[in-house]
Amino acid sequence: MDTILIIDDDPRNIFALVAVLKTKKFVCLTASSAEEGIKTLLRQPDIGIILMDMMMPDMDGYEAIAEIRKNELVNKVPIIAVTAQAMVGDREKCIAAGANDYISKPIDIDILVELLGQYLNT
């Protein structure tokens with residue numbers, strides 16, 4: 001259950017996160033849209049956590065979290081909201097939407113690894 005699903009519409013963000021997380025021995029799956037991420041989540045029972053970009057076209061992270069939380073097969077998977085909009089109240093808004101935790105961009109990898117350690121059996 002240590003597989004991380006990264007859902008982000010920016011391939012540069014995905015590339016950077018995967019590169020860093022692989023050096024820390026994490027297994028990563030990626031999706032470039034919320035819809036693709038939800039499909040991947042439903043197909044892969046070993047996903048232990050989701051890093052969800054909150055600002056995506058079509059379906060944003062808030063809508064995607066709501067969809068995931070409605071599905072009994074995957075609604076317990078922890079979700080860390082990732083957003084570039086580090087505004088006052090954003091953390092609370094993400095938690096209220098169903099995220100377990102929150103991290104802002106640019107991502108501090110030490111903080112991210114600490115968060116992952118809290119939710120994964122590492």
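**Exercise 1. Find the partner of A81 in β5, then place β4 among its neighbours.**

Step 1: A81 has Y102 as its bridge partner in β5. Strands here are DSSP runs of E with at least two residues, helices are runs of H or I with at least four, and both are numbered from the N terminus.

Step 2: Before going on, note that this is a predicted model, where local features need pLDDT of at least 70, side-chain atom pairs count only at pLDDT 80 or more, and totals for chains, interfaces and linings use all residues. Residues are numbered from 1 along each chain as its sequence is written, and side-chain values use heavy atoms, with hydrogens and water left out.

Step 3: Strand β5 (residues 101-104) pairs with β4 in the parallel sense, over four bridges; pairing takes at least two DSSP bridges between two strands.

Step 4: Now try β3, which also runs parallel to β4, with four bridges joining them. Here I50 has I79 of β4 as its bridge partner. Going from β3 to β4, the chain passes through α3, and this β-α-β crossover is right-handed (clockwise from the first strand over the helix to the second, with the strands pointing away from the viewer).

**Exercise 2. Work out which residues cover each face of β4.**

Step 1: In a regular strand, side chains alternate between the two faces of the sheet.

Step 2: Sort β4 that way: I79, A81 and T83 sit on one side, I80 and V82 on the other, and all are buried (under 20% relative accessible area with a 1.4 Å probe, protein chains only; exposed is over 50%, partly exposed in between).

Step 3: Five of the five residues of β4 are buried, so the strand is largely enclosed by the rest of the structure.

**Exercise 3. Tell the two sides of α2 apart.**

Step 1: Pick out the buried residues of α2: A34, G37, I38, T40 and L41. Down the helix axis they fall within an arc of 160°, so they line one face; the arc uses the directions from the axis to the C-beta atoms.

Step 2: Flip to the other side, and you'll find K39 and R43 exposed.

Step 3: The buried residues pack against β1, β2, β3 and α3, where contact means heavy atoms within 4.5 Å.

**Exercise 4. List what I68 touches.**

Step 1: Skip residues up to four places away in sequence; I68 then touches I38, L41, I50, M52, V74, N75 and I79.
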